[in-house]
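Student: I should like a close look at a single part of this model, namely the open sheet and what surrounds it. Please set it out as one connected account.

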Amino acid sequence: MSARLTTRQVGDVTVIDAVGRITLGEGSALLRDTVKNLVAAGNKKLLLNLGEVSYIDSSGVGELVYSYTTVTSQQGQFKLLNLTKRVEDLLQITKLYTVFEVHDDETRAVRSFS
Amino acid sequence: MTGITDTLLASTLASVDSAEAMVVESAAALGLDEDARMDLGLAIREAMVNAVAHGNAYSPEKQVRLILETRPDAVRVTIIDQGEGFDLNKVPDPTQGENLMRESGRGLLLMQAFVDEFSVKRSAAGGAEVVLVKYASDTGR
């Protein structure tokens, strides 16, 4: 199953709900384009919900890094929500777990944006 | 189910998907649990992307050879490209310093993390030859 992304607004935070696989090709390109377009439209508080993402490869990890650097370079904030065990393991292995702010409760995550 | 299959694949992203599916299917037949199959599938995916994109540079004139060996105790996969090969010791560590925030360069790290045995060398023809082994039980980890 390839990736599907939908966005919704919770206050001034844009939540991106991701489903499926974020891998080289369609999935990673979709995430990149979505984040790029959101930032270009002035959305600078992004919360990526990975609860329904079954699988990420190194390209997908690279897109998380791209998303983070793109948003923060515009003085925005990019945070992660609901990591599966597999995705959490991946971020631990790549030592990126401490780079991202990770939440497991959406309400608290939304409140954490300044 | 044991045996060896030797397959030539085009240097395309579709080959990455088909290689992953082929290996995961064999791993399932051998009785590897879902986590182990996903680990192996990810490692295969990373090795295939390396071969297709970095080794063969998506050249239609180059192919990737995939040798899949299923044994009672393990799945062993050899992936050989027709590129220039590489020296593992010269690959930057993606977890260190400025490499940490690079968008690429983590494939080899993930391959090594998700299989029980990993090796890379130059093939007889000069390309990269990557060997990945996943045991049927946790005894090898």
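Tutor: The account below begins with the sheet of chain A and then turns to the cores, the contact between the chains and two loop residues.

The model is a predicted one. In chain A, 5 strands form an open sheet with mixed pairing, arranged in the order 1-2-3-4-5. Strand 1 (4-10) and strand 5 (101-103) of chain A each have a single partner strand, so these two stand at the edges and one side of each lacks a neighbour in the sheet. From one strand to the next, the twist averages 25°.

Within this sheet, strand 2 (residues 13-22) and strand 3 (residues 45-56) of chain A run parallel and are joined by 8 bridges. Ile22(A) has Ile56(A), in strand 3 of chain A, as its bridge partner. In general, strands of a sheet pair through backbone hydrogen bonds, in either a parallel or an antiparallel manner. Helix 1 (residues 26-40) of chain A lies across strand 1, strand 2 and strand 3 of chain A, and runs at about 170° to strand 2 of chain A.

As to the nonpolar cores, the largest has 37 residues, and Leu40(B), Ala43(B) and Met48(B) have the most contacts inside it. Among the elements that each supply at least two residues of this core are helix 1 (13-30), helix 2 (34-55) and strand 2 (63-70) of chain B. Helix 2 of chain B gives the most, with 11 residues. A second, separate core has 28 residues, including Leu64(A), Leu83(A), Leu91(A) and Leu96(A). Leaving aside residues up to four places away in sequence, Met48(B) touches Ser15(B), Val16(B), Ala19(B), Val64(B) and Ile79(B).

The contact between the chains takes 15 residues from chain A and 17 residues from chain B. On the side of chain A that touches chain B, helix 2 (58-72) and helix 3 (85-93) of chain A each supply at least two residues. The largest share of that side, 6 residues, comes from helix 2 of chain A. By class, the side of chain A that touches chain B has 6 nonpolar, 6 polar and 3 charged residues.

Two loop residues complete the account. Asn82(A) lies in the loop between strand 4 (77-81) and helix 3 of chain A. Although not a glycine, Asn82(A) has a positive phi of about 55°. Asn82(A) counts as buried because 20 C-beta neighbours lie inside 10 Å. In chain B, Tyr58(B) is placed in the loop between helix 2 and strand 2. Tyr58(B), also not a glycine, has a positive phi of about 60°. With 13 other C-beta atoms within 10 Å, Tyr58(B) is partly exposed.

Technical notes
Residues numbered from 1 in each chain as written. Chains lettered and ligands numbered in written order. Predicted model: local features only at pLDDT ≥ 70, side-chain atom pairs only at ≥ 80, totals over all residues. Pairing = 2+ DSSP bridges. Helix = DSSP H or I, 4+ residues; strand = E, 2+ residues; numbered from the N terminus. Axes fitted to C-alpha atoms, helices over the stretch in contact; angles between N-to-C directions. Contact = placed C-beta atoms within 7 Å. Core = buried A, V, L, I, M, F, W, Y, C linked by C-beta atoms within 7 Å. Buried ≥ 20, exposed ≤ 12 C-beta atoms within 10 Å, placed from the backbone. Nonpolar A, V, L, I, M, F, W, Y, C, P; charged D, E, K, R; others polar.
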